[in-house]
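Good morning, everyone, and thank you for letting me take a few minutes of the meeting. Please have the structure open in front of you, and follow along as I go from one part to the next.

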Amino acid sequence: MADDEDEGGFGGLYEDGHWFWDDATEALVFISDLPPKPVEAIQIPIKAPTGTIEFRDDVDLIEQIRFRRRYQRKLKPGQADIITIQDVKDIALYTAPVNILSPMLINMLHLPTTERFIRALVLCCQYYLQIADEMANRIIELETKVRTPQCETVENEFRDNLSDLRLLVAKEYSTMLIGGNDTKKFHHMGPQKKRRSLSDKDARFFETLLRVCVQIVWLALGRKSFNQIELEVNRVFKSEIFNAVEHNLHTGYIAKMAKEERAVLLGHCVRRDKKLNTRSPLMNEVFCHREIDYRLLGLGVIKCFQPTPRLLYLVHAVAGPEEKLSELGIVLGIIGMSRSTFDTMLRPLPTASETGKSKASVSTQSYGSKSSTSSSMRKSQLVAQKLYSNIILPRKESRIVFFPPHFPDESEEIRPCSETQRRRWQNRLQRLLHPH
């Protein structure tokens with residue numbers, strides 16, 4: 001690899017330029033004095049990467065040191081040493097195969113809209129796995145217990161919570177689809193939506209982005225349940241009919257669900273239609289007939305009047321500063337946890353009690369591995385202790401929230417992504433593609 005060369009050939013990130021104070025962001029901004037480089041054509045695969053894309057999970061010690069020195073996010077003075085979504089993105093980009101990376105992908109991953117989208121996806125997948133386990137236990141208990149009306153109440157709450165979390169993902173995804181806000185220049189018809197549609201390029205980009213997001217979610221959730229995450233993410237984005245992962249794995253996981261499980265995990269916004277008229281479950285959540293709090297559709301972007309504890313929880317989880325998550329009791333995988341308890345690749349460090357245990361005593365029960373390779377065996381090992389607690393969402397309001405006389409138009413403060421990290425990954429990609 002190009003970045004396997006010695007440190008002598010690595011130019012500084014802030015060379016040949018100057019700094020100035022930006023009043024808008026209230027921070028120093030670096031401006032390069034070099035003339036703009038000509039845009040080089042990046043070779044893009046002819047077809048969408050629908051096959052198996054393997055990320056490296058066997059990064060050796062030398063590469064970990066290289067990552068820590070060159071690419072790991074550096075703390076600013078007074079900044080809390082906690083894991084952020086940027087840290088997880090950095091690991092995913094470092095271990096991704098070079099042939100799926102592109103300048104466009106790196107830029108897309110460093111947008112506020114995409115960051116909210118990824119955090120919403122992490123929250124949704126974490127709660128999905130939590131409720132899937134809960135429902136599996138409830139179905140087993142039905143063998144010895146009688147089902148009561150209270151069961152319906154509890155399960156309806158699970159179902160509505162999942163639907164609301166899918167809606168948070170759908171609203172950011174919808175913004176990306178229409179090229180809204182900061183995603184304009186990534187639209188398949190151009191920023192002004194006036195040129196001919198680049199549908200093939202858009203399909204390739206979508207498949208790559210989705211696969212990278214699955215990897216980020218898997219890393220953020222402590223490297224567990226990869227297959228479950230990949231199957232569910234592909235289902236909600238593509239529907240059961242076009243779920244390529246299910247077509248490859250042939251798990252039949254939906255057919256194996258009990259009726260009660262399907263009602264909770266899939267929700268009641270699933271539309272059965274002909275193939276040509278099929279909508280993804282995410283879009284079905286947006287256009288669903290159920291009662292939806294309209295304020296969810298602007299969460300993290302538009303300030304809402306008199307937010308409920310539930311809305312405050314969700315807005316902090318999706319768009320709030322990561323250093324406050326633990327303080328507010330919000331669980332988002334390993335995000336917001338102390339970075340000192342994890343190694344460079346964000347694997348949890350063994351505790352003192354675990355160090356004395358023999359390796360033979362560690363259970364190897366699989367959470368769902370990617371393949372039969374040695375790297376996937378590491379992914380499927382059961383973590384000895386639970387990394388994070390379960391999500392406990394505040395209850396929904398009992399009263400129906402009607403549309404106000406006028407909608408709020410005051411914007412939330414949008415947290416910018418790290419421009420420094422974006423530049424680092426762009427520079428690395430150029431060195432990988434053009435080593436000489």
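I would like to begin with a pair of helices, α2, which covers residues 85-95, and α15, which covers residues 419-433, whose axes come within 12 Å and cross at roughly 0°. Because angles under 35 degrees count as roughly parallel, α2 and α15 are described as roughly parallel to each other. On the α2 side the contact is made by Q86, D90, L93 and Y94, and on the α15 side by Q421, W425 and R428. If we sort the residues of this contact between α2 and α15 by class, we find 3 nonpolar, 2 polar and 2 charged residues.

Before going further, I should say that what you see is a predicted model, so please keep in mind that every value I quote is computed from that model.

Let me now step back to the whole protein, which has 15 helices and 2 strands. Of its 436 residues, 45% are buried. Taking the contacts between residues at least 6 apart in sequence, 73% join residues that are at least 24 apart.

The second helix pair I want to show is α5, residues 149-178, with α11, residues 309-319; their axes also come within 12 Å, but here they cross at roughly 45°. That angle makes α5 oblique to α11, and the crossing in which α5 passes α11 is right-handed. Which residues of α5 and α11 meet? From α5 there are D160, N161, D164, L165 and L168, and from α11 there are R310, L314 and V318. By class, this contact of α5 with α11 has 4 nonpolar, 1 polar and 3 charged residues.

While we are on α5, please look at N156, which lies in that helix. N156 counts as partly exposed, because its relative accessibility is 30%. The C-alpha atoms of N156 and A263 are separated by 8.6 Å, although these residues are 107 residues apart along the chain.

Next come the strands. Strand β1, residues 17-22, is joined to β2 by 6 bridges, and the strands run antiparallel. Among the bridge partners, G17 is matched with S32 in β2, while D22 is matched with A27 in β2. The hairpin of β1 and β2 has 4 residues between the strands, and in that hairpin E26 takes a positive phi near 55°.

That brings me to a general point about backbone angles: most residues other than glycine have a negative phi. With that in mind, consider N181, in the loop between α5 and α6, which has a positive phi of about 55° although it is not a glycine. Another such residue is S225, in the loop between α6 and α7, where phi is positive at about 60°, and S225 is not a glycine either. Is S225 buried or exposed? With a relative accessible area of 4%, S225 is buried, since the cut-off for buried is under 20%.

I will finish with two further loop residues. The first to look at is N243, in the loop between α7, residues 226-238, and α8, residues 244-249. N243 is buried, because its relative accessible area is 2%. Leaving aside its neighbours within four places in sequence, N243 is in contact with L231, N234, R235 and Y253.

The other residue is E54, which sits in the loop between β2, residues 27-32, and α1, residues 61-70. E54 has a relative accessible area of 29%, so E54 is partly exposed. The C-alpha atoms of E54 and P97 are separated by 7.1 Å, and these residues are 43 residues apart along the chain.

Thank you for listening, and I am happy to go back to any part of the structure that you would like to see again.

Definitions and conventions
Residues are numbered from 1 along each chain as its sequence is written. This is a predicted model: local features need pLDDT of at least 70, side-chain atom pairs count only at pLDDT 80 or more; totals for chains, interfaces and linings use all residues. Side-chain values use heavy atoms; hydrogens and water are left out. Axes are lines fitted to C-alpha atoms, for helices over the stretch in contact, and angles run from 0 to 180 degrees between N-to-C directions. Angles under 35 degrees count as roughly parallel, over 145 as roughly antiparallel, 65 to 115 as roughly perpendicular and the rest as oblique. A crossing is left-handed if the near helix is turned anticlockwise from the far one by less than a right angle, and right-handed if clockwise. Contact means heavy atoms within 4.5 Å. Ala, Val, Leu, Ile, Met, Phe, Trp, Tyr, Cys and Pro count as nonpolar, Asp, Glu, Lys and Arg as charged, and the others, Gly among them, as polar. Buried means under 20% relative accessible area, exposed over 50%, partly exposed in between (1.4 Å probe, protein chains only). Two strands pair if DSSP finds at least two bridges between them.
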